[in-house]
Every structure is written in structure tokens, then in C-alpha cells.
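Okay, thanks for coming, everyone. Let me put the structure up on the screen, and then I'll walk you through it.

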Amino acid sequence: MGVAALISWFVTAFVGLYLLAVWLIENDVTQRGAAASRLPGPVILGHVLLALTGLVFWVIHLLFGAASWGWAAVGVLAGIATLGLTMFSRWIPVHVAYVAAESGKHGRRVADYDFPAERAFPLPVVVGHGLLASTTVTLVVLAMLGVGGS
């Protein structure tokens, strides 16, 4: 169960890094008048750093069998999830507005609007990242509770 959690964590991290790359590419802060991102940099950075820290804690737990490191990883996952849900809730209005603008219902083109960088996040990738993250949390907690252990 612990190794399955590790694999899930890595896959989730790689999908998250894809979203980070999209955000960094699209977030042109040098362009005057560009729409400010609704995802604050410190929240993104905190999410990424906590995810990496938790992953290191989990690897230490798996390598040395120290339960305290595993429970620390669970605690860090709570912080990761909080920041992730915060970003998700701030992304939803941007996505809804962008989809509405793409539909042309308002008689204006997408180019007439000024959207923040996160408008470029593909919906399936965002949903996939969230589902993978939920799977990771579930697997880590189950592993710490001894489910599926030998």
C-alpha cells in the first residue's frame, strides 16, 4: 500500500508540475495591463514546496519504517490539500468565464476579454490532478492505518 501511495504521489506531482508549467508560461507579468492571476504566487509555491516535503517524508517513512515520518507526511498532506482546494476554488470562476466567452454568447470574442493565466489549464488535467491527489491521500492514510500491509 505504501509503494502504491508513493507511485500515486509521483504521478500526481508530475501532473501538478504540468499545471505549474502552463501557469508560468501563460503568466506574463511583464506585459502591461495583463490580467492578474487569481492564484497567488505564495499559495502556488507553498503547495509545491509542501508537496515535495511530504513526498520526502513519505520516502523516509518507506525506507526506514519510521511511523512518525509517515504521520508527518499525512499532516503535510492536509496542508497540501488545503492549498490545492483554495487554488481550485479560485480557478473555477476563471474557467467558467472563459468557457462562456469561448461560446460567444455575449457577442464578444475571447480576445476581447482579459483572462488570467490559469484560463489555459485544461479541465481534464485539473480534474485528473484532483482525483490523483485524493487517491494519494487515501492510499497514504490506509497505509498508515496498516491496511494492505503484510
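Let's go straight to helix H2, residues 41-64, in what is, by the way, a predicted model. H2 has 24 residues, and from its first C-alpha to its last it reaches 34 Å, close to the 34 Å you'd expect at 1.5 Å a residue.

So which residues of H2 are buried? There's Val 43, Ile 44, Gly 46 and His 47, and then further along Gly 54, Leu 55, Trp 58 and His 61. And what do those buried residues pack against? They pack against H1, helix H3 (67-103) and helix H4 (123-144). Then, just after H2, have a look at Gly 65, which takes a positive phi of about 70°.

Okay, zooming out. The protein has 4 helices and 0 strands, and along the sequence the pattern reads α-α-α-α. Of the 150 residues, 29% are buried. Now, take the contacts with a separation of 6 or more: 79% of those come from residues 24 or more positions apart.

Last stop, the outside. The protein exposes about 8,700 Å², and 70% of that is supplied by carbon and sulfur atoms. There's a nonpolar patch on the surface, formed by Met 1, Trp 71, Leu 145 and Val 147, with about 380 Å² of accessible area together. Met 1 sits in the segment before helix H1 (2-26). Is Met 1 buried, exposed or partly exposed? Partly exposed, because its relative accessible area is 33%, and partly exposed covers whatever falls between under 20% for buried and over 50% for exposed.

Note on methods
Residues numbered from 1 in each chain as written. Predicted model: local features only at pLDDT ≥ 70, side-chain atom pairs only at ≥ 80, totals over all residues. Heavy atoms only, no water. Patch = residues over 30% accessible without salt bridge, like charges linked within 9 Å, V, L, I, M, F, W, Y side chains within 5 Å. Areas by Shrake-Rupley, 256 points an atom, 1.4 Å probe, with all protein chains shown as cover. Salt bridge = Lys/Arg side-chain N within 4 Å of Asp/Glu carboxyl O. Helix = DSSP H or I, 4+ residues; strand = E, 2+ residues; numbered from the N terminus. Buried < 20%, exposed > 50% of the residue type's maximum accessible area, 1.4 Å probe, protein only. Expected span 1.5 Å × (residues − 1). Contact = heavy atoms within 4.5 Å.
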